[in-house]
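Please open the structure in your viewer and keep the selection panel at hand. The tour proceeds by selections, each followed by a description of what is found there.

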Amino acid sequence: MKTADRRSGYWNREKETLAPAARERYQSRWLVRLLEHARANAPGVRRRLERAGVAPKDIRGVEDLAKIPVIRKHEMPDLQKADPPFGGFCTVPLAKIRKIFVSPGPILEPMGPELGAWHAEAGLYAGGFRPGDVVIDTFLYHLVPAAHELDEALNLIGCAVVPTGVGNTDTQVMVAKAVGATGYVGTPSFLMTILKRAGEMGVGRLPLQVAQVGAEPLPESLRRQFEEEYGVMTRQGFGTADLGLIAYECAEKSGFHLSEDAVTQVCDPQTGAPLPDGQIGEIVATVDNHTYPMIRFSTGDLTIIDDAPCPCGRTSARMLGWRGRADEVTKVRGMFIHPRQADEVVARAKGVERFQVVVGREGHQDTLTFRVQLADGADAAGVTQTLEAAIRDVMKLRGGVDVVPAGTIPDNAKKISDERKWD
Ligand SMILES: [Zn+2]
């Protein structure tokens with residue numbers, strides 16, 4: 001198959017190209033149905049709604065969703081222990097469950113009778129998978145859901161799946177060659193292991209053309225190697241065991257499109273209130289899964305959402321990748337900042353040897369200062385100017401730069417030091 005064929009088209013053109021108002025209507029329709037169904041059949045959901053004082057008439061669409069409190073992943077093991085096996089979140093009797101997964105925690109996740117409840121098809125298609133692909137699924141097949149979830153979605157697209165699972169590199173190489181595997185799902189590091197091993201084993205180039213990778217970061221340098229050296233179009237999906245695939249990269253590889261079958265909000269990690277696009281916050285998702293409706297569920301991961309149009313034609317907003325954990329953020333003048341953003345700021349200047357971000361207080365105003373130690377010969381004025389612009393761009397805040405002598409910032413300094421006194 002030619003690469004061009006993998007870059008164009010949609011799994012569901014109508015849904016993926018909805019205008020913003022139509023998308024909100026589509027999501028509001030399924031959301032109201034999902035909540036009615038969950039309230040009637042999932043006692044765990046009903047208890048949460050009642051405790052929050054949310055009546056059925058209070059939720060008429062996406063804009064009302066924030067009335068429901070956020071449920072955090074770390075609460076799940078206790079909730080499930082209190083009301084086994086699923087914490088009251090499963091809407092169907094055990095006799096209708098196809099599989100029960102066991103994720104670390106432990107957290108149990110039921111797979112219900114409906115196909116495609118993880119909504120991974122659109123993301124795989126956007127990432128280049130097409131009917132007729134033969135795919136090696138190298139995610140773990142026991143206990144956890146990712147391998148099964150993608151396996152089912154690939155079948156729904158019309159791909160054949162070889163459930164190779166994790167490890168057994170030599171077998172993976174031989175199988176990929178023998179069946180003419182054109183697709184791969186799994187971690188990026190294992191994809192590289194297989195590609196390299198094929199070379200060592202002397203079996204020649206593997207027929208792989210397309211990969212969806214996840215569960216660990218994909219450095220751009222590694223992606224370039226997959227694409228340029230090995231000819232494997234490589235895209236990422238963002239999913240979790242609880243939620244399924246809620247975001248995915250398209251051919252443009254500039255952020256993860258948000259699935260229409262989940263309402264993904266970026267929220268204030270302290271209050272759970274949705275934040276405007278462009279601000280860092282925690283991912284809170286509600287997924288249209290009638291067996292296991294996770295409503296305003298947070299995994300504790302941070303991201304930023306960008307609603308600028310994408311050249312691929314999909315009209316959904318994009319998540320700009322993983323930005324760290326919600327428990328590491330500091331709030332400055334109403335905006336959350338994270339150590340990874342600090343790294344991003346400093347990476348834009350040349351000659352910074354060591355740095356620390358200091359959050360202080362002047363009168364009733366928070367202050368934000370990048371304390372930096374420079375390498376010999378670095379241009380202090382130039383670095384200061386570059387950093388100030390980068391702070392505005394990355395953190396959406398005004399901040400200062402304080403160039404300090406070598407040895408001022410200790411080895412074990414916290415990346416963000418909150419030195420505000422509240423008295
Ligand atoms: Zn796109």
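The following stops cover domains, a sheet, a pair of helices and several backbone features of a predicted model.

**Domains**

Begin by colouring the protein chain by domain: domain 1 comprises 1-99 + 263-326, domain 2 comprises 120-241, and domain 3 comprises 330-418. Next, display domain 1 together with domain 3, whose C-alpha centres are 35 Å apart. Eight residues from domain 1 and seven residues from domain 3 take part in the contact. On the domain 1 side, the residues touching domain 3 are three nonpolar, four polar and one charged.

**The sheet**

Select the strands of the open sheet next. Nine strands form this sheet with mixed pairing, in the order S5-S4-S6-S7-S8-S9-S10-S15-S14. Which strands stand at the edges? They are S5 (160-162) and S14 (305-306); each has a single partner strand, so one side of each is left without a neighbour in the sheet.

Now restrict the view to S4 (residues 134-137) and S6 (residues 183-186), which run parallel and are joined by three bridges. Valine 135 has glycine 183 in S6 as its bridge partner. Add helix H7 (residues 146-157), which packs on the sheet and touches S4, S5, S6 and S9. The direction of H7 makes about 175° with that of S4.

**Two crossing helices**

Two packed helices are described by the angle between their axes and the distance between the axes. Select helix H8 (residues 169-179) and helix H9 (residues 188-201): their axes cross at roughly 80° and come within 9 Å. This crossing makes H8 roughly perpendicular to H9. To view the contact, show the side chains of Thr169, Asp170, Gln172, Val173 and Ala176 on H8, and those of Thr193, Ile194, Arg197, Ala198 and Met201 on H9. By class, the contact of H8 with H9 contains five nonpolar, three polar and two charged residues.

While H9 is displayed, select methionine 192, which is located in this helix. Methionine 192 has 15 other C-beta atoms within 10 Å and is therefore partly exposed. Add isoleucine 304 and draw the C-alpha to C-alpha distance: these two residues are 29 Å apart in space and 112 residues apart in sequence.

**Backbone features**

Most residues other than glycine have a negative phi, and most peptide bonds are trans. The remaining selections are exceptions to these tendencies.

Select proline 84 and proline 85, which are joined by a cis peptide bond with omega of about -5°. Proline 85 lies in the loop between helix H5 (76-82) and strand S2 (99-103). Move on to glycine 105 and proline 106, where a cis peptide bond is again found, with omega of about -5°. The loop that holds proline 106 runs between S2 and strand S3 (107-111).

Then select lysine 253, whose phi is positive, near 40°. Lysine 253 is situated in the loop between strand S9 (244-248) and strand S10 (256-258).

Finish at arginine 296, which has a positive phi of about 55° although it is not a glycine. This arginine 296 is in the loop between strand S12 (281-287) and strand S13 (297-303).

Is each of these two residues buried or exposed, or in between? Lysine 253 is partly exposed because 17 other C-beta atoms lie within 10 Å. Arginine 296 is buried because 20 other C-beta atoms lie within 10 Å, and a residue counts as buried at 20 or more.

Terms used: Residues are numbered from 1 along each chain as its sequence is written. This is a predicted model: local features need pLDDT of at least 70, side-chain atom pairs count only at pLDDT 80 or more; totals for chains, interfaces and linings use all residues. Domain bounds come from an automatic or database domain assignment. Two residues are in contact if their C-beta atoms, placed from the backbone, lie within 7 Å. Ala, Val, Leu, Ile, Met, Phe, Trp, Tyr, Cys and Pro count as nonpolar, Asp, Glu, Lys and Arg as charged, and the others, Gly among them, as polar. Helices (H or I, at least four residues) and strands (E, at least two) are DSSP runs, numbered from the N terminus. A residue is buried if 20 or more other C-beta atoms lie within 10 Å of its own, exposed if 12 or fewer, and partly exposed in between; C-beta atoms are placed from the backbone. Axes are lines fitted to C-alpha atoms, for helices over the stretch in contact, and angles run from 0 to 180 degrees between N-to-C directions. Angles under 35 degrees count as roughly parallel, over 145 as roughly antiparallel, 65 to 115 as roughly perpendicular and the rest as oblique. Two strands pair if DSSP finds at least two bridges between them.
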